[in-house]
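Trainee: I would like a close look at a single part of this protein, the nonpolar core. Please start with the whole and then work inward.

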Amino acid sequence: MKKITIIASLLALSATTFAQSKWSVDKAHARLGYTISHMTLSESEGNFKSYTADITASKADFSDAAFNISIDVASLNTENEMRDKHLKSADFFDAEKYPTITFKSTSFKKTSGNQYRLVGDLTFHGVTKQVMLNAVYNGTQENPQSKKLVAGFTITGTFKRKDFGFATEAPATMLGEDVKLRASGEFVKE
């Protein structure tokens with residue numbers, strides 16, 4: 001009888017540990033950016049300094065996770081002030097007219113091992129379209145300093161810039177057609 005009580009207690013503890021939990025991005029250990037071809041000669045990279053990101057999940061392997069991301073376009077940084085100013089203008093991101101980029105997942109399905117397919121609605125440059133991304137769940141562990149659970153993810157994917165009405169006048173020989181996304185970070189359980 002004592003064994004059954006211990007097993008039941010462990011199962012109950014396990015269920016409450018992952019019962020509909022919210023996880024928020026740890027910006028000190030995260031990066032959100034993009035890469036696009038420039039003149040077919042090099043890759044131009046940028047990242048965003050201001051954003052929010054959270055995950056809601058009830059399963060320990062995150063197979064039912066819902067991702068929610070909001071990016072402040074004005075926080076764009078390419079480490080070149082003159083280029084940043086031009087990219088934020090109406091020629092490209094048009095940060096004044098479209099101040100926010102959002103992503104809301106609609107599904108997160110395991111494909112194999114720690115690999116997942118992340119599908120969701122990307123709202124960028126005033127257009128909302130479904131995008132399919134690749135995600136790697138890097139695991140969960142307790143942070144030895146804060147004693148909080150932390151989960152790690154790496155997300156990559158590609159979309160066509162013209163599908164979102166972005167820099168439509170720029171020829172592909174000047175600015176690549178594909179925008180490559182890359183996000184990597186740690187999420188802390190609240």
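What percentage of the residues in the protein are buried?

Mentor: The model is a predicted one. Of the 190 residues in the protein, 37% are buried.

Before the core, here is the frame around it. The protein has 10 strands and two helices. Read from the N terminus, the order of elements is α-β-β-β-β-β-α-β-β-β-β-β. The C-alpha trace spans about 75 × 30 × 30 Å along its principal axes. Among contacts with a separation of 6 or more, 54% are accounted for by residues 24 or more positions apart.

Now the core itself. The largest nonpolar core holds 44 residues, and the ones that touch the most other members are Phe62, Phe67, Phe93, Phe108 and Phe153. Two or more residues each come from strands E1 (21-38), E3 (51-57), E4 (66-72), E6 (100-112), E7 (115-124), E8 (127-142), E9 (149-160) and E10 (175-189). Strand E1 gives the most to this core, namely five residues.

Phe67 is a useful residue to follow. Setting aside neighbours within four places in sequence, Phe67 is in contact with Phe108 and Phe153, both of which are also listed with Phe67 among the core residues that touch the most other members. The other contacts of Phe67 are Asp54, Ile55, Phe103, Lys104, Ser105, Leu118 and Ile155.

Last, the outside. The accessible surface of the protein is about 11100 Å², and carbon and sulfur atoms make up 55% of that surface. The protein carries 24 positive and 21 negative charges, whose mean positions lie 8 Å apart.

Terms used. Residues are numbered from 1 along each chain as its sequence is written. This is a predicted model: local features need pLDDT of at least 70, side-chain atom pairs count only at pLDDT 80 or more; totals for chains, interfaces and linings use all residues. Side-chain values use heavy atoms; hydrogens and water are left out. Helices (H or I, at least four residues) and strands (E, at least two) are DSSP runs, numbered from the N terminus. Buried means under 20% relative accessible area, exposed over 50%, partly exposed in between (1.4 Å probe, protein chains only). Contact means heavy atoms within 4.5 Å. Accessible areas come from the Shrake-Rupley method with a 1.4 Å probe; for residues, only the protein chains shown count as cover. Lys and Arg count as positive and Asp and Glu as negative; His and the chain ends are not counted. The place of a charge is taken as NZ of Lys, CZ of Arg, CG of Asp or CD of Glu. A nonpolar core is a set of buried Ala, Val, Leu, Ile, Met, Phe, Trp, Tyr and Cys residues joined through side-chain atoms within 4.5 Å.
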